Amino acid sequence: MSSPLTRRTASVRSVLTRPWVGPLAVVTVVFLVLSLPPYLGLDPSRSRVAIPEDRPLYYPMLATHIFLGTVALVTGCLQVWPWLRRRHPAVHRWSGRVYVFGGVLPAGAAVLFVAPFGEFGPAQQTGNTLLAVLWLLVTVAGYRAARRRQFVAHREWMVRSVALSFSIVANRLWIVACLAVFTPEALTGATPDPATFAQAVGVSTWLSWVVNLLVAEWWLQRGRFRERARGGTVRARREAGTPAGA
Ligand code: HEM
């Protein structure tokens with residue numbers, strides 16, 4: 001049985017060897033602290049997103065999306081924390097259920113009433129709508145794989161799902177980069193050309209999730225490659241008669 005000191009050392013090592021766990025949590029908190037306040041009073045006039053007057057469901061669905069998206073981001077951070085997964089599998093299972101049923105599925109469904117009507121035109125509308133549909137499908141695939149006890153597939157789908165959840169955070173960076181490229185005057189407070197501004201928003205919408213998904217695929221591919229290399233070494237050692245730990 002492991003002592004408290006061994007467990008503590010293991011948890012410190014787990015954080016140190018996964019240097020993204022802490023920064024991810026910090027980035028999430030910063031994002032939420034900056035993004036949520038205008039929506040906390042449920043006052044449509046404080047929304048940073050323009051509310052179409054002819055769509056009564058738009059604001060309630062946007063607010064639902066934002067609050068339940070918050071649940072998805074917070075539980076998403078917990079889900080990708082290897083130490084928690086290994087040490088407290090029951091917490092991982094429960095926070096996973098909250099991620100799926102209290103976060104992604106209702107937040108993704110709600111945003112389907114918002115995304116197709118974005119104010120910046122077809123590139124933004126199609127980019128966000130496709131993202132919402134993929135977010136739902138990928139998360140359902142991950143949940144089904146867990147129910148079938150296909151844990152390798154479960155992990156892979158959930159890495160993709162969390163990558164899509166965090167596309168909203170990436171978007172905050174991409175929008176600044178795209179404005180700097182397309183219409184730098186927008187960053188200095190000057191009024192930009194509306195069509196160029198819409199172009200920048202459209203491109204940043206797509207980059208936010210496509211790049212995250214590509215990084216997730218690269219990460220998964222690297223894991224598979226390492227696993228195969230490790231399997232090859234173990235096989236070679238077995239054939240040479242050398243014990244695995246030697
Ligand atoms: C991954 C799937 C997601 C999709 C498809 C999506 C889509 C959208 C859309 C269409 C809007 C309306 C504004 C616009 O037209 O651009 C919006 C706004 C917003 N979303 Fe999401 N979102 C997603 C995930 C999240 C998550 C996980 C959060 C976490 C809290 C979040 C927080 C927000 C916030 C705070 C706004 C208001 C925008 C602002 O105040 O700048 N979204 N989202």
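A residue is called buried here if 20 or more other C-beta atoms lie within 10 Å of its own. The model shown in these views is predicted.

**View 1. Helix α9, residues 167-182, with its buried positions and its kink.** By that cut-off, the buried residues of α9 are S167, N171, W174 and C178. An α-helix has 3.6 residues a turn, so residues three or four places apart point the same way. The helix is not straight: α9 has a kink of about 25°, and L173 marks its centre. W174 also belongs to a nonpolar core of six residues, described under View 4.

**View 2. The protein chain as a whole.** The protein chain has 10 helices and zero strands, so its pattern along the sequence reads α-α-α-α-α-α-α-α-α-α. Of its 246 residues, 25% are buried. Among contacts with a separation of 6 or more, 64% join residues 24 or more positions apart.

**View 3. The largest nonpolar core.** This core holds 29 residues, and those touching the most other members are A72, V104, A107, V111, W135 and L164. Two or more core residues come from each of α4 (58-79), α6 (89-111), α7 (122-147) and α8 (151-165). Leaving aside residues up to four places away in sequence, V104 touches A72, Y99, W135, T139, S161 and S165.

**View 4. A separate nonpolar core of six residues.** Apart from the core in View 3 lies this other one, whose members include F120, W174, A200 and V201.

**View 5. The shell around the ligand.** Around the ligand are 22 residues, of which R48, G69, A115, G118 and A132 come nearest. Helix α4 gives the largest share of this shell, seven residues. At least two residues of the shell are supplied by each of α4, α7, α8 and α9. Sorted by class, the shell has 13 nonpolar, eight polar and one charged residues.

**View 6. Spans annotated as transmembrane region.** In the unreviewed UniProt entry, the annotation "transmembrane region" covers residues 20-42, 62-84, 96-117, 129-146, 158-182 and 197-220. Two of these spans are described here. Residues 20-42 are 83% helix and 0% strand, with end C-alpha atoms 33 Å apart. Residues 197-220 are 100% helix and 0% strand, and their end C-alpha atoms lie 35 Å apart.

Terms used:
Residues are numbered from 1 along each chain as its sequence is written. This is a predicted model: local features need pLDDT of at least 70, side-chain atom pairs count only at pLDDT 80 or more; totals for chains, interfaces and linings use all residues. A nonpolar core is a set of buried Ala, Val, Leu, Ile, Met, Phe, Trp, Tyr and Cys residues joined through C-beta atoms within 7 Å. A residue is buried if 20 or more other C-beta atoms lie within 10 Å of its own, exposed if 12 or fewer, and partly exposed in between; C-beta atoms are placed from the backbone. Helices (H or I, at least four residues) and strands (E, at least two) are DSSP runs, numbered from the N terminus. Two residues are in contact if their C-beta atoms, placed from the backbone, lie within 7 Å. A residue is near a molecule or strand if its C-beta atom, placed from the backbone, lies within 6 Å of it. Ala, Val, Leu, Ile, Met, Phe, Trp, Tyr, Cys and Pro count as nonpolar, Asp, Glu, Lys and Arg as charged, and the others, Gly among them, as polar. UniProt positions are given in the numbering used here, feature names are shortened, and annotations may be inferred rather than shown by experiment. The bend at a residue is the angle between axes fitted to the seven residues ending there and the seven starting there.
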